[in-house]
Amino acid sequence: APAPAADPGAALAGWLRAYLCDDVPPRGTPAVLIEAMSERWTGTGLGGAASAICDAAGGLLSAAQRAGAVRPDVGARDLLRLASAIGIAAERTPDPSAYNDRMLTLLFDGLRAR
């Protein structure tokens, strides 16, 4: 197993930035992820892929919450829906990477434990 991140909040932020900013996902990917998380896809390959992504995000999110970096009332599915909504909106901008970066900065501010 990999060693735990020294800063779980930074690990979560890095993971979300990698999803949306470092390699802007192919057009439509964020919308597919949101759809794949719906009950309709439970038990399918697409639903299984979405569950695996939620599990990965959930592990990072839980570690960040235990470290006090992220508010405790946020769930992995909500976080992924928010991040994916940012990605969907970015698809309609001239510079998706810059938009994603700006919106993730706002999202991280909202996630921060107070």
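**Exercise 1.** Is Ser-84 buried or exposed?

*Solution.* The model is predicted; local features need pLDDT of at least 70, side-chain atom pairs count only at pLDDT 80 or more, and totals for chains, interfaces and linings use all residues. Residues are numbered from 1 along each chain as its sequence is written, and side-chain values use heavy atoms, with hydrogens and water left out.

Step 1. Locate the residue: Ser-84 lies in helix H4. Helices (H or I, at least four residues) and strands (E, at least two) are DSSP runs, numbered from the N terminus.

Step 2. Apply the cut-offs: buried means under 20% relative accessible area, exposed over 50%, and partly exposed in between (1.4 Å probe, protein chains only). Ser-84 has 0% relative accessibility, so Ser-84 counts as buried.

Step 3. List the partners, where contact means heavy atoms within 4.5 Å. With neighbours within four places in sequence set aside, Ser-84 is in contact with Tyr-19, Pro-30, Leu-33 and Ile-34.

**Exercise 2.** Describe the chain by its elements and its overall dimensions.

*Solution.* Step 1. Count the elements: the chain has five helices and zero strands. Read from the N terminus, the order is α-α-α-α-α.

Step 2. Compare the radius of gyration with the globule rule. The radius is taken over C-alpha atoms, and the rule is 2.2 Å times the number of residues to the power 0.38. The chain has a radius of gyration of 14 Å, close to the 13 Å that the rule gives for 114 residues, so the chain is as compact as a globular protein of that length. Along the principal axes, the C-alpha trace spans about 35 × 35 × 25 Å.

Step 3. Consider burial and contacts. Of the 114 residues, 33% are buried. Among contacts between residues at least 6 apart in sequence, 66% join residues at least 24 apart.

**Exercise 3.** Find the residues with the most contacts inside the largest nonpolar core, and state which helices supply the core.

*Solution.* Step 1. Define the set: a nonpolar core consists of buried Ala, Val, Leu, Ile, Met, Phe, Trp, Tyr and Cys residues joined through side-chain atoms within 4.5 Å.

Step 2. The largest such core has 28 residues, and Leu-79 and Leu-104 have the most contacts inside it. At least two residues of this core come from each of helix H1 (8-22), helix H2 (29-36), H3, H4 and helix H5 (96-111).

Step 3. Beyond four places in sequence, Leu-79 touches Leu-12, Leu-16, Leu-61, Val-74, Leu-107 and Leu-111. In soluble globular proteins, nonpolar side chains tend to be buried together.

**Exercise 4.** Characterise the surroundings of Leu-80 and Phe-108.

*Solution.* Step 1. Leu-80 is placed in helix H4 and is buried at 0% relative accessibility. Not counting residues up to four places away in sequence, Leu-80 touches Trp-15, Leu-33, Met-37, Ile-53, Cys-54 and Ala-57. The C-alpha atoms of Leu-80 and Ile-34 are 46 residues apart along the chain and separated by 7.7 Å.

Step 2. Phe-108 is placed in helix H5 and is buried, with a relative accessible area of 15%. Outside four places in sequence, Phe-108 is in contact with Ala-13, Leu-16 and Arg-17. From Phe-108 to Ala-69, 39 residues away along the chain, the C-alpha separation is 9.8 Å.

**Exercise 5.** Which accessibility class holds for Pro-72, and which for Ser-51?

*Solution.* Step 1. Pro-72 sits in the loop between helix H3 (45-66) and helix H4 (76-90). Its relative accessible area is 72%, so Pro-72 is exposed. The C-alpha atoms of Pro-72 and Arg-112, 40 residues apart along the chain, are separated by 9.5 Å.

Step 2. Ser-51 lies in helix H3. With a relative accessible area of 29%, Ser-51 is partly exposed. Ser-51 and Met-37 are 14 residues apart in sequence and 7.1 Å apart, C-alpha to C-alpha.
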